[in-house]
Amino acid sequence: MTDQELVQKAIEMQKFSYVPYSQFPVGAALMCEDGRVFTGCNVENAAYGSTICAERTALLKAVSEGCQEGWTAIAIAGTGTDYCWPCGACRQMLYEFAPNLRVLAARADGSFVERKLSQLLPNGFGPQALK
Ligand code: THU
């Protein structure tokens with residue numbers, strides 16, 4: 001799958017977002033080296049802090065389906081005019097499994113920019129720190 005196709009999958013996931021509080025649907029698509037793609041959307045909650053972001057939905061789907069390694073890229077799409085970058089909590093959770101992940105931050109029109117997760121979370125705290 002190309003990066004542009006991964007971004008398109010993220011955009012398509014926005015239709016499943018549950019966003020009665022923010023009205024800001026976000027979609028994500030996480031690609032693995034074996035070709036699998038795990039998708040996610042944000043799911044909000046009346047207890048606002050219980051909301052889960054699209055990226056973490058995709059991450060949890062990957063891990064809970066036995067895919068913990070070989071993540072190559074994640075695409076994230078919001079509806080704003082600006083690129084949709086992952087929040088701090090999502091950066092931290094992604095760093096646990098894939099510090100060198102490519103992050104594709106997309107706009108509603110499908111354009112995107114790429115950064116390494118290690119650029120978005122420099123000097124991140126990960127599992128190696130506990131060894
Ligand atoms: N959100 C995501 O799903 N991913 C991000 O990277 C940024 C924020 C969600 C959380 C909440 O449902 C809404 O966007 C507004 O913050």
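Where along the chain is the place of Tyr-83? The legends below begin with that residue and then move on to the ligand and other close-ups. Please keep in mind that this is a predicted model.

**View 1. Tyr-83 sits in the loop between strand E3 and helix H3.** Strand E3 covers residues 71-77 and helix H3 covers 88-97, with Tyr-83 in the loop that lies between them. Its relative accessible area is 23%, so Tyr-83 is partly exposed. Leaving out residues up to four places away in sequence, Tyr-83 touches Ala-105, Ala-106, Arg-107, Ser-111, Phe-112 and Val-113. Take Phe-112 as an example: 29 residues separate it from Tyr-83 in sequence, while their C-alpha atoms are 6.8 Å apart in space.

**View 2. Twelve named residues are not hard to find here: look for the shell around the ligand.** Around the ligand you will meet Ser-22, Phe-24, Val-26, Asn-42, Glu-44, Thr-51, Cys-53, Ala-54, Glu-55, Trp-85, Pro-86 and Cys-87. Sorted by class, this shell holds seven nonpolar, three polar and two charged residues.**View 3. Oxygen atoms of the ligand meet polar atoms of Asn-42, Ala-54 and Glu-55.** In the side chain of Asn-42, an N or O atom is 2.9 Å from a ligand oxygen. Ala-54 takes part through its backbone, where an N or O atom lies 2.9 Å from an oxygen atom of the ligand. For Glu-55, a polar side-chain atom lies 2.5 Å from a ligand oxygen. Taken alone, the ligand exposes 370 Å², and the protein buries 78% of that.

**View 4. Asn-42 lies in the loop between strand E2 and helix H2.** Strand E2 spans 37-41 and helix H2 spans 54-64. With a relative accessible area of 6%, Asn-42 is buried. The side chains of Asn-42 and Ser-17 are joined by a polar contact of 2.7 Å. A polar atom of the Asn-42 side chain also lies 2.9 Å from the backbone nitrogen of Val-26. Setting aside neighbours within four places in sequence, the contacts of Asn-42 include Tyr-18, Val-19, Phe-24, Pro-25 and Ile-52.

**View 5. Helix H2 has buried residues covered by strands and a helix.** The buried residues of H2 are Ala-54, Glu-55, Arg-56, Thr-57, Ala-58, Leu-59 and Ala-62. Their cover includes strand E1 (27-32), E2, E3 and H3. Just after H2 comes Gly-66, with a positive phi of about 90°.

**View 6. Here are cysteines without a disulfide: the count is zero.** Cys-84 is in no disulfide, and the nearest cysteine sulfur, in Cys-53, is 8.6 Å away. Cys-84 counts as buried, at 11% relative accessibility. Why is the sulfur of Cys-87 not in a bond with that of Cys-90? The two sulfurs are 3.8 Å apart, which is too far for a bond, because a disulfide needs sulfur atoms within 2.5 Å. At 31% relative accessibility, Cys-87 counts as partly exposed.

**View 7. Gln-23 and Asn-123 have positive phi values without being glycine.** For Gln-23, phi is near 55°. Gln-23 is placed in the loop between helix H1 (3-13) and E1, and at 57% relative accessibility it counts as exposed. Asn-123 has a phi of about 55° and lies in the segment after helix H4 (117-120). Asn-123 is exposed, its relative accessible area being 82%.

Terms used. Residues numbered from 1 in each chain as written. Predicted model: local features only at pLDDT ≥ 70, side-chain atom pairs only at ≥ 80, totals over all residues. Heavy atoms only, no water. Buried < 20%, exposed > 50% of the residue type's maximum accessible area, 1.4 Å probe, protein only. Helix = DSSP H or I, 4+ residues; strand = E, 2+ residues; numbered from the N terminus. Contact = heavy atoms within 4.5 Å. Near = heavy atom within 4 Å. Polar contact = N/O pair within 3.5 Å; in protein donor to acceptor, adjacent residues only side chain to side chain. Areas by Shrake-Rupley, 256 points an atom, 1.4 Å probe, with all protein chains shown as cover. Nonpolar A, V, L, I, M, F, W, Y, C, P; charged D, E, K, R; others polar.
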